[in-house]
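These notes record what I looked up, entry by entry. I began with one strand residue and then turned to sheets, pockets and cavities.

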Amino acid sequence: MKKILAFAAMLILVATACRKPNDNPVPQDEPFIDSVCLYRPGDYGSANWRIPAILCLDDGTLLAVNDKRKYNETDLPEDIDIVCRRSADNGRTWSEPQAIIEGQGRGRGYGDPALVQCENGDVLCIFAGHNGYFQSTDSDPICVFLKRSTDRGLTWGDTVNLTRVLWDASSPYRGSFVASGNGLRLKHGSHAGRLLFAAALVRRSEWVSDNYVIYSDDNGYTWQRSQMAFCAGDEAKLMELADGSILISVRRSGARGYNRSNDGGETWGQQGLWHEMTVNACNGDMLRLDDTTLLHSVPNSMQREDVSIFTSNDEGQTWKSPVLMTPGPSVYSSMTLLKDGTIGFYVERNPSGACELWYYRFNRQWLAQSVSRVQ
């Protein structure tokens, strides 16, 4: 089945002529997909690049944020910078990379950025820093940090430490980090404007993580932690559903995990598994396309390969019709809805074993055509 889907995806790419972003745009009612590589190993003096996060702001500015893994592709506690590129034309052209925060040596690096735009227009970037996740201790912890931009990603303010919102020496956990990619701002109901990020917390007694949510009702100046959202999970993403409830999708090996909250993310129901999405343990993303359609990106394989986009038309009850985006080795991905209604997709590809970061832009017609070919 995987070979059939890969062949179908290749036919689609040929049929739609996968144009470069600087080509003249085609009419919006015709299926199209653009692609451009933003980073390759060795670019800007960095050995590797990983961990994409992409967000379209309210004025159409596009932010692409990721790790600059200067000396190798390894996670913290390596020396890592977090960098940002901006686009004002839906990703046809990009600014040069700008550091949000620079690592200061092994054990003092930063990584795994996640983005959200506040109701007041500020942009928040939450990320991990210092020690590694599983190496974290009370005396030398992995930390959760926040930086704020009040000018749509041009400059970034002071670094705020949020670690103790998540855990301290009296808790059953010894480390935490927020899943990279996107946070969530609620748009409906009594908690409209609330900001949420999904976090993993590693237990003291074993190498097992549980998921919680941190949330803020004042544009990210103060934060609280939810009750447990998922037992024995990992990196997770959040989505607001049509009825105002919140869906969490959780990384695990095999069937992907999920749960729902009916009170703005403070408490959570009975966790479950999506057996139709039995995949590699990997970070992915969710995106609401319209009133009836949710998208979910993740490798459609038990290996880190074939990143695909699944579709749900029942508010995340079930997922179907995975559209293959990156055949072959590929890992993390992030999605955003652009101002013109097209979709921005930022993904890790590993054609030579080391990560490249690619930006894709496609329209709903291309996605619908692709879905129809794999059904």
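Strands here are DSSP runs of at least two residues, numbered from the N terminus. The model I consulted is predicted.

**Entry 1. Serine 209**

I looked up serine 209 and found it in strand E14, which covers residues 209–216. Is serine 209 buried or exposed? Its relative accessibility is 5%, and because the cut-off for buried is under 20%, serine 209 counts as buried. I then listed its contacts, leaving aside residues up to four places away in sequence: serine 209 touches Tyr133, Ala200, Leu201, Val202, Cys231, Ala232 and Gly233. I also checked the spacing to phenylalanine 230, which is 21 residues from serine 209 along the chain; the C-alpha atoms of the two are separated by 9.1 Å.

**Entry 2. The sheet that begins with E16**

I next traced an open sheet of 4 strands, whose order is E16-E17-E18-E19 and whose pairing is antiparallel. Its edge strands are E16 and E19 (272–279), each of which pairs on one side only. On average, neighbouring strands of this sheet are turned by 25° against each other, direction ignored. I noted as background that strands of a sheet pair through backbone hydrogen bonds, either parallel or antiparallel.

Within this sheet I examined the pair E16 and E17 (residues 246–250), which are joined in the antiparallel sense by 5 bridges. Which residue of E17 is the bridge partner of glutamate 240? The partner is isoleucine 246.

**Entry 3. The hairpin of E20 and E21**

I found that strand E20 (residues 285–288) and strand E21 (residues 294–299) run antiparallel and are joined by 4 bridges. A hairpin of 5 residues links E20 to E21. For methionine 286, I recorded histidine 296 in E21 as the bridge partner.

**Entry 4. The largest pocket**

I turned to open space and looked up the largest pocket, which holds about 880 Å³. It is lined by 34 residues, and those closest to its centre are Leu184, Arg185, Lys187, Leu287 and Leu337. Which strands each supply at least two residues of this lining? They are E2 (48–56), E6 (110–117), E12 (184–185), E16, E20 and E23 (320–337). I sorted the lining by class and obtained 17 nonpolar, 6 polar and 11 charged residues.

**Entry 5. The second largest pocket**

The second largest pocket holds about 460 Å³. Of its 23 lining residues, I noted Asp75, Tyr133, Phe134, Phe177 and Asp234 as the closest to its centre. Tyr133 had already appeared in my notes as a contact of serine 209. The lining of the second largest pocket divides into 11 nonpolar, 4 polar and 8 charged residues.

**Entry 6. Cavities**

How many cavities of 30 Å³ or more does the structure hold? I counted 3 of them. I looked more closely at the second largest cavity, which contains about 40 Å³ of space. Its lining consists of Val178, Ala179, Asn182, Gly183, Phe197, Ala198, Ala236, Lys237 and Leu238. Two strands, E13 (195–203) and E16 (236–240), are the elements that give two or more residues to this lining. E16 gives the most, with 3 residues. By class, I recorded 6 nonpolar residues, 2 polar and 1 charged in the lining of the second largest cavity.

I closed by cross-checking E16: this strand is an edge of the open sheet, and it also supplies at least two residues to the lining of the largest pocket.

How values were computed. Residues numbered from 1 in each chain as written. Predicted model: local features only at pLDDT ≥ 70, side-chain atom pairs only at ≥ 80, totals over all residues. Heavy atoms only, no water. 1 Å grid on protein atoms, 1.4 Å probe; cavity = no way out; pocket = protein on both sides within 12 Å on 5 of 7 lines; lining within 4 Å. Points joined across faces, edges and corners; volume = space filled by probe spheres on them. Nonpolar A, V, L, I, M, F, W, Y, C, P; charged D, E, K, R; others polar. Pairing = 2+ DSSP bridges. Axes fitted to C-alpha atoms, helices over the stretch in contact; angles between N-to-C directions. Buried < 20%, exposed > 50% of the residue type's maximum accessible area, 1.4 Å probe, protein only. Contact = heavy atoms within 4.5 Å.
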